[in-house]
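Work through the exercises below with the sequence and the model at hand. Each task is followed by a solution in steps.

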Amino acid sequence: MVELLVVVIILTIALTMLSGTMGSAAKLGPSQRQRARAAEAARAQLELLRIEPFHRLYALYNSDPTDDPAGEGTAPGPNFEVEDLQVLDTDQDGFCGRVRFAGDMSADLMESAKDDVLGLPRDLNANGEIDEDSVAGSYSLLPVEIIVEWECLGQPQSLRIQTMFAEPDE
């Protein structure tokens, strides 16, 4: 009888641990799927930037609609949708995805901007100096950060990818 009781106790403990593990795995599933969705959206956005002419990238994807190459308000701008991700309650633009440049709150691409994430200050127009002037029309290097922020299971989540585009050799 004692042996049977010990076996029942061991089985009960094992089943409790198994159900706890299954519950954790069930919660992890949506989180991992959403992180994969965010990574795929960031990669796709990088590919969209890659196919654009280099000298138009900043004007197409910055937050200033007045410098859009085909006329005001015609460029995609910095924000993009990510299907199946919930936008953060604190997000003001209603999009999960964003393309970020140094000084992205203005139409100015400044070499002298302090931005450790994007590696600035840095000589972006390859003139040998870090100037105080905007290089929005004359850059040779363009640091970019793709940001995806969303809410999952009541918690804010984010994924960030940084890269540097360089003017292609002709």
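**Exercise 1: the sheet**

In the sheet, Val148 stands opposite Leu159, a residue of β4. The model is predicted, so local features need pLDDT of at least 70 and side-chain atom pairs count only at pLDDT 80 or more, while totals for chains, interfaces and linings use all residues. Residues are numbered from 1 along each chain as its sequence is written, and side-chain values use heavy atoms, with hydrogens and water left out.

Task: state how many bridges join β3 to β4, the order of the strands, and which strands stand at the edges.

Solution.
1. Helices (H or I, at least four residues) and strands (E, at least two) are DSSP runs, numbered from the N terminus. Two strands pair if DSSP finds at least two bridges between them.
2. Strand β3 (residues 141-152) is joined to β4 by 12 bridges, and the two run antiparallel.
3. The sheet is open and has 4 strands in the order β1-β2-β3-β4, with antiparallel pairing.
4. β1 and β4 (155-166) are at the edges with a single partner strand each, so each has one side without a neighbour in the sheet.

**Exercise 2: salt bridges between β3 and β4**

Task: find the salt bridges of Arg160 with Glu145 and Glu149, and name the network that they belong to.

Solution.
1. A salt bridge is a side-chain nitrogen of Lys or Arg within 4 Å of a carboxyl oxygen of Asp or Glu. By this rule the count is 8 salt bridges.
2. Glu145 and Arg160 form one of them, with the closest N and O atoms 3.5 Å apart. This pair links distant parts of the chain, Glu145 in strand β3 and Arg160 in strand β4, 15 residues apart.
3. For burial, the classes are buried (under 20% relative accessible area), exposed (over 50%) and partly exposed (in between), with a 1.4 Å probe and protein chains only. Glu145 is buried because its relative accessible area is 2%, whereas Arg160, at 41%, is partly exposed.
4. Arg160 also meets Glu149 in a salt bridge (3.4 Å, N to O). Here Arg160 in strand β4 and Glu149 in strand β3 are 11 residues apart. Glu149 is partly exposed, at 23% relative accessibility.
5. Through shared partners, salt bridges join Arg100, Asp115, Glu145, Glu149 and Arg160 into one network.

**Exercise 3: a salt bridge from the helix**

Task: which parts of the chain does the salt bridge between Arg37 and Asp84 tie together?

Solution.
1. The closest N and O atoms of Arg37 and Asp84 are 2.9 Å apart.
2. Arg37 lies in helix α1 and Asp84 in the loop between β1 and β2, so the pair ties together parts 47 residues apart in sequence.
3. Arg37 is partly exposed, at 37% relative accessibility, and Asp84 is exposed, at 54%.

**Exercise 4: an aromatic pair and a loop residue**

Task: classify the ring pair of Phe54 and Tyr139, then list what Asn125 touches.

Solution.
1. Rings of Phe, Tyr and Trp (its six-membered ring) pair if their centres lie within 6.5 Å; planes under 30 degrees apart count as stacked, over 60 as edge-to-face and the rest as tilted. The structure holds 2 aromatic pairs.
2. The ring centres of Phe54 and Tyr139 are 5.1 Å apart and the planes are at 70 degrees, so this pair is edge-to-face.
3. Phe54 is in the loop between α1 and α2 (57-61) and Tyr139 in the loop between β2 and β3, so parts 85 residues apart in sequence are tied together. Both Phe54 and Tyr139 are buried.
4. Asn125 also lies in the loop between β2 and β3, and is buried at 16% relative accessible area.
5. Contact means heavy atoms within 4.5 Å. Not counting residues up to four places away in sequence, Asn125 touches Glu111, Asp131, Val135, Ser138, Tyr139 and Ser140.

**Exercise 5: Phe95**

Task: is Phe95 buried, partly exposed or exposed, and what is it in contact with?

Solution.
1. Phe95 sits in the loop between β1 (79-80) and β2 (97-100).
2. Its relative accessibility is 28%, so Phe95 counts as partly exposed.
3. Apart from neighbours within four places in sequence, Phe95 is in contact with Asn79, Phe80, Glu81 and Val87.
4. From C-alpha to C-alpha, Phe95 and Val148 are 8.8 Å apart in space and 53 residues apart in sequence.
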